[in-house]
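Trainee: Could you take me through one part of this model in close detail? I would like to see how two helices pack against each other, and then how that part sits beside the rest.

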Amino acid sequence: MKGVKCTNCASVFYPKRDCCPKCKSTKLDETEMGDSAVLITHTELWAVPKGISQMPLVLGIVQFDNGARVLGQLTAKEVKIGMHLKPVWAVVRKIQEKEVYGFKFEPV
Amino acid sequence: MPREVAIVGCGMAQFGNRTDKSLMDLLKEASTKAMEHTGLGETNVSALYVSTMLAGELTNQTAIASALADELCLVPAAADRIENGPASGGSAVKNAYLAIAAGLFDIVLVVGGEKMRQVPGDRITDLLATMTHPTAEYIHGVTLPSLAAMFTRLYMNKYGVERKHLSMIAVKNHENGLKNPYAHIHRKITLEGIYSSPEAEVNNPVIADPLRLFDMCPISDGAAAVVLCSADIAKRFADKPITVAGVGQATDIHAVSQRPDPTTLNAVKISSQQAFKMAKLEPKNMDVVELHDAFTILEIAESEDAGFFEKGTAHKAVEAGVTSLGGKLPINPSGGLKARGHPVGATGIAQVAELTWQLRGEAGERQVKDAKKAFCCNFGGFGNNVVSFVLKRED
Amino acid sequence: MENIDSMLSLDWDIPKKPYPAKAITLPTGSKMVVREISREEVPFLLDAIRPLLTISADYYDIVSARMYAELLGWYRYRVRNEYCLVGIVDGELAGIVNNRLYDSKTCISYHTMALKRGGRVGAHLFAAKQEHAIENLGVDQILVTAESPIGFNRWMVEWNLEPRQGMQHELGGANAYALTKEGYYLRKSKLVFGERPVPQALLEEALHFKVVAPDMVKDART
């Protein structure tokens with residue numbers, strides 16, 4: 001899972017972007033996000049949009065060891081703030097009938 | 001030297017499930033009412049700004065501002081469509097302000113509207129979700145309610161906001177909405193019905209936990225319009241012109257997860273500070289406020305980030321009744337988005353219309369006594385574009 | 001002739017317990033009385049449903065047509081083991097639900113119609129009719145289907161309905177989903193509410209309900 005690290009202020013972001021929202025530098029290097037993240041907030045969504053088949057859809061925001069915060073679907077049935085998660089590559093939804101891939105988070 | 005700008009009239013087409021009128025009809029209704037309220041008579045409008053987020057998508061008509069100019073016989077007035085998501089209305093009013101302040105136009109009609117209800121709910125949810133970050137949010141099935149829910153959970157854990165505070169806001173706004181003839185929802189709800197009774201589990205079901213049905217504004221059709229003009233001619237139309245004393249606008253990092261503090265609405269903070277600074281006023285000077293409560297939690301968060309309460313304390317003010325119609329700082333006397341409804345492009349203009357009625361003493365049963373200074377903020381996306389205004393009545 | 005008449009003339013043929021009325025607090029703070037109706041009251045319900053027969057939006061026409069037929073069928077002794085509960089708010093008919101027992105162990109879920117909207121009337125009445133089947137009439141399972149896909153997705157999960165492959169629902173042969181006795185009791189605390197007994201004055205009002213023009217309601221499902 002590849003994000004970016006700002007060479008100026010060392011902040012890490014995912015997904016990749018061209019400029020640092022913290023210090024505005026455009027000098028960002030690709031960086032490996034790693035496997036270690038912690039859940040900081042979550043929700044169980046019952047009003048799912050078109051293209052999502054899970055009911056309910058469980059979403060969360062995780063914080064990686066490198067400081068980056070990332071949003072994704074959670075695979076676990078039982079979730080708790082502070083639980084340890086790792087990213088897995090999977091189909092996340094359909095957009096106009098085509099499958100779209102992204103990183104979900106599963107318990108470690 | 002920028003000119004002073006005044007608001008001299010407003011009008012609304014009732015928000016709701018408007019199967020009776022097309023989008024164009026709704027825009028015309030609000031516009032006509034606003035122009036009549038102003039008492040324009042034979043005076044020509046120099047420009048028209050039309051605010052709508054979904055018009056081309058949902059109704060088969062693009063370039064709607066140009067079309068409306070002809071429908072209203074305002075030709076050859078200048079006309080633009082303004083789109084800024086749910087902050088389209090605020091942006092449209094801002095653009096009218098800019099044009100008049102710059103001396104380009106003297107009298108401008110701003111109207112916003114939406115027809116959103118005749119489309120299946122999951123399609124609307126998805127369309128609104130396209131405002132979110134495409135790769136960081138949208139592809140994961142994120143919807144605005146889910147972002148608001150995760151935001152709410154963080155807020156509850158950090159500041160001690162509880163479900164009952166959110167329900168109190170819903171009850172208050174429904175109560176206010178009963179007094180607003182233009183509101184979508186005219187239905188009393190009680191704290192017992194949506195929160196404390198065992199039945200509340202079914203009455204107020206979870207939509208995106210911890211947010212429930214009565215924490216979310218409805219999907220509405222409707223339109224709202226205001227007329228602005230250069231202050232030096234305002235007395236022609238209104239005994240008590242309302243001055244646009246302060247304007248502010250700011251953006252925020254798109255993906256909520258990437259914001260340094262996901263519980264701070266930085267665009268609300270910055271845009272409100274800009275508006276207060278320009279008006280040479282402070283939050284504590286305000287008599288009445290309209291906030292963008294697409295979700296009940298936002299009324300709490302915006303009231304703090306706009307400076308009305310210390311961060312993390314607004315829920316206590318709600319509990320103490322400070323923000324109800326009879327309280328020290330009435331918030332959303334119109335019923336807010338929760339009860340007034342939320343035809344996306346119309347909302348920002350409806351906020352300005354409400355405050356105009358309030359400051360002119362024309363708000364009927366929901367009148368805030370002696371309202372002279374008012375604030376509103378129109379919240380785009382999930383807070384990544386916010387337009388704020390400070391309005392005051394010249395005495 | 002008599003033989004054929006008794007063959008076609010259908011009524012309850014298994015033990016039948018009455019539904020004890022209850023009062024439910026709605027979002028407005030008003031109380032909705034849920035009670036069972038007698039066959040004699042069916043004509044009033046038909047009056048209430050008739051205006052919806054021509055509304056095609058949200059499947060109103062088909063749901064109201066089917067419910068009309070079901071209730072009329074029961075009234076005229078052509079449907080076996082059917083029962084009907086109504087919800088009354090402020091003395092006015094707010095919603096109607098009906099089911100019929102296939103046999104002493106299986107109930108067929110018929111329809112749910114909310115005539116007043118925005119108050120979660122349909123959700124509460126659906127729960128009540130299933131409560132009656134499981135708790136009072138003692139069935140092991142209730143077979144459910146729906147005309148409207150909107151919301152059925154969520155209901156399936158909320159009520160933990162189990163798909164019954166290869167079993168057609170009586171209503172047109174759609175796939176049947178089962179609410180089992182076990183499933184009902186697992187979910188009951190989150191879905192089934194109400195207070196008993198109903199205060200006398202409220203019950204009186206509910207016994208003599210008025211039928212007013214229905215709101216164009218969103219909730220109409222089996």
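Mentor: Happily; here is a close look at one helix pair, followed by some notes on the other chains. Please keep in mind that this is a predicted model. The pair is in chain B, where helix H7 (residues 163–177) packs against helix H12 (residues 296–305). Their axes are 8 Å apart and meet at an angle of about 95°. Angles from 65 to 115 degrees count as roughly perpendicular, so H7(B) is roughly perpendicular to H12(B). On the H7(B) side, the contact is formed by His165(B), Leu166(B), Ile169(B) and Ala170(B). H12(B) contributes Thr296(B), Ile297(B), Glu299(B) and Ile300(B). Sorted by class, the residues of this contact are five nonpolar, two polar and one charged.

Turning to chain A, we find a contact between domains: domain 1 covers 1–32 and domain 2 covers 34–107. Their C-alpha centres lie 22 Å apart. Each domain gives seven residues to the contact. On the domain 1 side, those residues are four nonpolar, two polar and one charged.

Chain C is best viewed as a whole. It has seven helices and eight strands, and its C-alpha atoms fill a box of roughly 45 × 45 × 35 Å along the principal axes. A compact globule of 222 residues would have a radius of gyration near 17 Å, and chain C agrees with its 17 Å. Buried residues account for 45% of chain C. Of the contacts in chain C between residues at least 6 apart in sequence, 69% join residues at least 24 apart.

Definitions and conventions. Residues are numbered from 1 along each chain as its sequence is written. Chains are lettered from A and ligands numbered from 1 in the order in which they are written. This is a predicted model: local features need pLDDT of at least 70, side-chain atom pairs count only at pLDDT 80 or more; totals for chains, interfaces and linings use all residues. Axes are lines fitted to C-alpha atoms, for helices over the stretch in contact, and angles run from 0 to 180 degrees between N-to-C directions. Helices (H or I, at least four residues) and strands (E, at least two) are DSSP runs, numbered from the N terminus. Angles under 35 degrees count as roughly parallel, over 145 as roughly antiparallel, 65 to 115 as roughly perpendicular and the rest as oblique. Two residues are in contact if their C-beta atoms, placed from the backbone, lie within 7 Å. Ala, Val, Leu, Ile, Met, Phe, Trp, Tyr, Cys and Pro count as nonpolar, Asp, Glu, Lys and Arg as charged, and the others, Gly among them, as polar. Domain bounds come from an automatic or database domain assignment. The radius of gyration is taken over C-alpha atoms; the globule rule is 2.2 Å times the number of residues to the power 0.38. A residue is buried if 20 or more other C-beta atoms lie within 10 Å of its own, exposed if 12 or fewer, and partly exposed in between; C-beta atoms are placed from the backbone.
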